[in-house]
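Me: I have a model open and would like to go through its chains and domains. Could you take me through it?

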There are 2 protein chains.
Amino acid sequence: MKKIHIIGLGLLGGSFALALKKKMPEIEFTGFDIDPRNQEDALTLGIIDRALEIPEKDTDVIILATPADTISELLKKTLDQIGKHTLVIDFGSTKEKLCQEVAQHPNRENYLAGHPIAGTEYSGPKAAREDLLDRKVFIICEMDRTNLHLKEMAYAIFDALNMKLRFMNPDEHDRHLAFVSHLSHISSFMLGKTVLDKMQDEKNIFDMAGSGFASTVRLAKSSPEMWAPIIQENKANVLEALDRYIASLQNFRDKIKADQFKEIKGDMREINRIRDILDLEK
Amino acid sequence: MKKIHIIGLGLLGGSFALALKKKMPEIEFTGFDIDPRNQEDALTLGIIDRALEIPEKDTDVIILATPADTISELLKKTLDQIGKHTLVIDFGSTKEKLCQEVAQHPNRENYLAGHPIAGTEYSGPKAAREDLLDRKVFIICEMDRTNLHLKEMAYAIFDALNMKLRFMNPDEHDRHLAFVSHLSHISSFMLGKTVLDKMQDEKNIFDMAGSGFASTVRLAKSSPEMWAPIIQENKANVLEALDRYIASLQNFRDKIKADQFKEIKGDMREINRIRDILDLEK
């Protein structure tokens, strides 16, 4: 492996390059971002060595790390242009539509459908961190549809980055992510909104560090440019997760209204099981 | 100040004693917990020096750190029994009903209505931490109703603990807390429930550290014994906050359904303002 090209030099693309440069210093990184400021920052920060709109023919791996709603077109265009020995990996948060759209592409075997489960509430190349991907999960979908030799390059990269590989069907991926990731972001955004709206009548509602609010609302700082497209691309699953969430809240609300606090306590005890499951992750 | 008595030797009562012992080693700490195991643990951990059901007559300060629904009765009983020079402080998460119920008590001036804005998702004396209260907000309600000399003792304590004092009306306190604290807990619990319910059909939905889920659901690990009573005591305000939250979610859901992703992006940008407000806190 000698050359990697990254399209989309934000938090994920940037963190990927910073980490891999440490482990594989012999690789040259080229890259492109549609926002000239991001591209300039990526050069300054050493995320890429050269800015380049079209990847060169001898590029080994092309990474697509742009917002979810732009990947489909970009992927098709990229697969149209590459040679036989180039691997294309995308970092998009949704997988089902993407995999469907390139299912019949003559270069389908040059594509690996991926999703690194990592992020922060910040975005752009300046938010990139060398350790962002370390020991995080990297989900691969339809792995048997990627060429065996090209896949070896992907394994070398993700092993070097110390990532934990997981394999899923694209539809399973999108369903799971709607519940554990996309719903969390929406619940945070709406919590932020509820409190901001209330602040219009009430001053000094904040200054309450320690109230649990800060951690619950953290994701409401996330980038709308990244998240609105994810919701759009995963609309059906997100609606299902959101409807279930609203129904649970409504049910809990009705129990409060009816003074069923014994039942509420029982429900909360049940939900405390989340401790065991979250602690398992460590 | 020579003797402090703590009723309720859990996370807050325990953390209070551990921190104050460092700063004022001359004070003797007595205490009581209705759960014999907690009381035993508090002795072992050095939270209290002596276990004692009824505080001794020469006690300077009595701290009430029991669940929100037990404080009212305990406060009235304690005010009935104490002498002129004893100050009673409660650490309850709701203030309006409490202040109303003792408004006419002959020893009202011996009481200081307080609320330390601090906690973790863990509970009990073993979860107590010497630094839990450090640089956190301590809210005092109806401060002008507490005896001036007794109040000096409270100031000495909270200064020693390095806490930031804030003053509010009880009704204002309960309204604010419903939005920034109680609602966050409910939104986390219901997020946990939604994902746990979904897990019944889907395996390995977890192992997704980095997905934002862990921080958003953290408060769902909280103690039902503490939180069900808080919701109960602050029922009207919690219902208002919850209704507004559900309405926001429903509105967001309808926009997704109607493919209004441009509007969704705009809404999210508005909510991003929460960054500035949260960052101010630091």
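Reply: The turns below cover the symmetry, the chain contact and the domains. This is a predicted model, in which local features need pLDDT of at least 70, side-chain atom pairs count only at pLDDT 80 or more, and totals for chains, interfaces and linings use all residues. Residues are numbered from 1 along each chain as its sequence is written, and chains are lettered from A and ligands numbered from 1 in the order in which they are written.

Me: What turn lays chain B on chain A?
Reply: A turn of 180° with a shift of 0.0 Å along the axis does so, at an RMSD of 0.0 Å (least squares on the C-alpha atoms of residues with pLDDT of at least 70 in both copies). The two copies are thus related as by a two-fold rotation axis.

Me: Which C-alpha of chain B is nearest the axis?
Reply: That of B:Thr216, 2.3 Å from the axis.

Me: How many residues does the contact take from each chain?
Reply: It takes 78 from chain B and 78 from chain A, with contact meaning C-beta atoms, placed from the backbone, within 7 Å.

Me: Which helix of chain B gives the largest share?
Reply: Helix 6 of chain B, with 21 residues (helices are DSSP runs of H or I, at least four residues, numbered from the N terminus).

Me: Changing topic, what are the domains of chain A?
Reply: Domain 1 is 3-168 and domain 2 is 173-280, with bounds from an automatic or database domain assignment. Their centres, taken over C-alpha atoms, are separated by 31 Å. Their contact takes 14 residues from domain 1 of chain A and 15 residues from domain 2 of chain A.

Technical notes
Contact = placed C-beta atoms within 7 Å. Helix = DSSP H or I, 4+ residues; strand = E, 2+ residues; numbered from the N terminus.
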